[in-house]
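Dear colleague,

Please find below the structure I promised to hand over, together with its sequence. My notes on what was found in it follow directly after.

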Amino acid sequence: MNLHGRALHFVFKIGDRVKNIEFFRNILGMKVLRHEEFKEGCDAKCNGPYDGRWSKTMIGYGNEDTHFVLELTYNYNVPSYELGNDFQGISIFSKKAVFNAKKSNFKTEQKEEFTMIESPDGYKFYLYDESPVDKDPVQKISLASSDLQKTIHYWHNILGLKILEQSEKSVVFAFNESQVKLEFLQINEPNKMVDHKSAFGRIAFSIPEIQLEDVNLKVTETKSTILTPLIKLDTPGKATVTVIILADPDGHEICFVGDEGFRELSAFDPNSEKELEKFMKKDLERKQLEKAVLGKRHGILQVLSAKESDTSDIDENFDTEVDLENQEKSAWTDYNNSKLQIPDKLKKYSAGTTESYQDLLRRRFQQTMGIPKWSKVKKIEPESEEKDIEELMKCGKKLRKSLILSKEIIRMNKVANLNKETKLEGPLINSVEFHPTVTVALIAGISGVVSIVQVDGKTNSKLQTVKFKNFNVDCARFTCDGEQFIIGCKSKKYFFYYDLMEGRSVQIPMHHRIGPLNLSKFRMSPDGKFIVICGKFGTMHLLSAKTKEWMGDLKMNSDVVDVSFNCDGSRMYSFGDVGEIFEWDMNSRYCIQKMYDDGCIRGITMNLSPNGQILATGSSSGIVNLYEMPIKEEYMSPIKIIKNLRTPITDVAFNSTSEILAISSHHKHNAVRLVHLIRCFI
């Protein structure tokens, strides 16, 4: 088969886009040629076996018409890839790259003829200290072969590449000598197979589109592997190309694409650098947000995996026996310290040849500063510990003794506004929500802007701001795991959820069977199962918190104005506008109890304390009633009636320890009161 082929590019999967772009651009000296973003996986698996959002960045030493370039594939939800033995390296002839590599912090190894450097993901590049004139610096791609004879038969006899060099351990192919060379190296270990792992790449060639069918027929006749039959791929705003994806006997992926369409598609984009910088900035913001939201959980799988695989720093002969009678056990020990030697300039302070560097530092510190209090570990008697645990497991009818707030005077300080750095949410803030696990807050208002800030009381630094066009946010909530937030608007029949980890928003239309509804008030169940929307005519719509699908409805007698859950989400309480309070079993979805809010004219808001012991209701008359839970009878008397506000109560909220209740009214400026529940003092 006589193909008029042209070597185009090699595909790398990259984990950290920012670090990789720094490597290819600043160390290897390449430039960004074009950048494209995709919302879903490629039909030809260009981004690997992933269906989510991804991007590709073409980077090289010149235009794709005349140079062999690299395609950097970035999957947003994949932080890293495992390397196999399939990719052996790329040879680059560039004096500038050699100079940059030697002064960089990247891992390098000096060989006789070249400098080997590894990319942030571990891909190897062989840099030669010479710059050929009028030639592409990228000269050779090296891959592994388990059987050179099968490799030669496939690439030469079936695909038609020329053999330029051949030995017992290697073979070099190309369509013509002026192009980049494709080298296959025989694996030295007998019966060793090529292992691609998850980081496997792909090499691409272009041929006249009319010859694509010839390739398809030839590969089919020889019963070789076709991964993706002839298919047309669309790129928004650019040319459509026809491709076929093959695999050689060792599983190396090969892409053949129609040359005519690809030349149009691969035209240099002068705005690509700016476009890439925009998305890399978002990458950094997302990482900052992930760190704030997930804390140490961020990347925990990679950390654990690294710890399991890397045990080279552990001293197997380290003696871990400790005399417990004479010495208290350390709270934490760094095993590496036992291997450190005393520097020459400090040996004069050593007490003897047997003293370790760690012991010397400890002794010198104690001589100068004394033994600090924090280093003294106080032993806990077993009886005392069991007693404390027994006390924690008790549950009484009343609020237990406060461990945080004083019974007498509670001092308060005014701190900086939450939106001190943003101020983009509009003149009216409709929703403020604190993250369930970390000190992060969500702020939303009528401008359609949702801001996420790190709460420190001083600067409240902005972590992220998201704009929703033509969407006045009336209600915003974090999901119970804190990885998403959901927003609603009373004038829309759809809502949005925003994935903080992926940095994308998704519009969710309401089910066609759901009647009139008001998305200005909804709640998340603490167990992460439900989103409950307060509908009209007494209907509460249940949606799955995971899939956002409609699961059914609950209905009470009067218009529902608010709902609240107990701490585990097994019970839900709904509040009607005429003062009815229904208690629902969320497993069976049946009403198991009912009561009336004492003296209620028109109910507005309700909340259950985190410890499940106090239910607070707010009404249009400015009255807040506090009830002791659980519900015992249909007409219960409140344990406390709060009459300090004269305008309708629009919000009631408890602090996390159920010691403070905040009540407020939107109808009057500064109409906010705090109730100390231990003393019922306002």
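K423 sits in the loop between α9 (382-392) and β17 (429-434). In this predicted model, phi of K423 is near 55 degrees, a positive value in a residue other than glycine. With a relative accessibility of 62%, K423 counts as exposed, because the cut-off for that class is over 50%.

The strand that follows this loop, β17, pairs with β18 (residues 440-445) in the antiparallel sense, over 5 bridges. Within that pairing, V432 stands opposite I443 of β18. The connection from β17 to β18 is a hairpin through 5 residues.

K223 may be read alongside K423. Phi of K223 is near 55 degrees, again a positive value in a residue other than glycine. K223 belongs to the loop between α4 and β14, and its relative accessible area of 77% makes it exposed.

The helix that K223 follows deserves a closer look. Which residues of helix α4 (residues 212-221) are buried? They are L212, V215, N216 and V219. These residues cover an arc of only 100 degrees around the axis, which means that they lie on the same side of α4. What do the buried residues of α4 pack against? Their partners are the strands β13 (202-207), β14 (225-233), β15 (241-247) and β16 (253-258).

Turning to the nonpolar cores, the largest has 62 residues. Those with the most contacts inside this core are L70, F125, W155, F205 and F256. Helix α3 (residues 148-158) supplies the largest share of the core, namely 5 residues. As background, nonpolar side chains in soluble globular proteins tend to be buried together. F256 illustrates how this core is connected: leaving aside neighbours within four places in sequence, its contacts include L3, L159, F175 and T242. F256 also touches L212 and V215, both of which are among the buried residues of α4. Another core, of 20 residues, lies apart from the largest one, and among its members are L442, A444, F478 and F485.

There is also an open sheet of 4 strands, arranged in the order β21-β22-β23-β24 with antiparallel pairing. β21 (475-478) and β24 (504-509) stand at the edges with a single partner strand each, so one side of each has no neighbour in the sheet. On average, neighbouring strands of this sheet are turned by 20 degrees against each other, direction ignored. The pairing of β21 with β22 (residues 484-488) is antiparallel and runs over 4 bridges. In that pairing, R477 has I486 of β22 as its bridge partner.

Charged side chains form a further topic. The count of salt bridges comes to 25. One of them joins the side chains of E36 and K56, at 3.6 Å from N to O. E36 lies in strand β2 (residues 31-38) and K56 in strand β3 (residues 54-60), so this pair ties together parts that are 20 residues apart in sequence. Are these two residues buried or exposed? E36 counts as buried at 6% relative accessibility, and K56 counts as buried at 11%.

A second salt bridge involves strand β2 as well: the side chains of R53 and E37 meet at 4.0 Å, N to O. R53 is in the loop between β2 and β3 while E37 is in β2, so the parts tied together here are 16 residues apart in sequence. E37, at 24% relative accessibility, counts as partly exposed.

Elsewhere in the chain, D562 and K521 form a salt bridge through their side chains, at 3.8 Å from N to O. D562 lies in strand β29 (residues 560-565) and K521 in strand β25 (residues 517-524), so the pair links parts that are 41 residues apart in sequence. D562 counts as buried, with a relative accessibility of 0%. In addition, salt bridges that share partners join R6, D65, D259 and R263 into one network.

Two further points concern single sites. The peptide bond from M629 to P630 is cis, with omega near 5 degrees, and P630 lies in the loop between β35 (624-628) and β36 (640-642). N2, in the segment before β1 (6-14), counts as exposed at 59% relative accessibility. N2 and L161 are 159 residues apart in sequence, and their C-alpha atoms are 8.6 Å apart in space.

With kind regards

Notes:
Residues are numbered from 1 along each chain as its sequence is written. This is a predicted model: local features need pLDDT of at least 70, side-chain atom pairs count only at pLDDT 80 or more; totals for chains, interfaces and linings use all residues. Side-chain values use heavy atoms; hydrogens and water are left out. Helices (H or I, at least four residues) and strands (E, at least two) are DSSP runs, numbered from the N terminus. Buried means under 20% relative accessible area, exposed over 50%, partly exposed in between (1.4 Å probe, protein chains only). The arc is that of the directions from the helix axis to the C-beta atoms. Contact means heavy atoms within 4.5 Å. Two strands pair if DSSP finds at least two bridges between them. Axes are lines fitted to C-alpha atoms, for helices over the stretch in contact, and angles run from 0 to 180 degrees between N-to-C directions. A nonpolar core is a set of buried Ala, Val, Leu, Ile, Met, Phe, Trp, Tyr and Cys residues joined through side-chain atoms within 4.5 Å.
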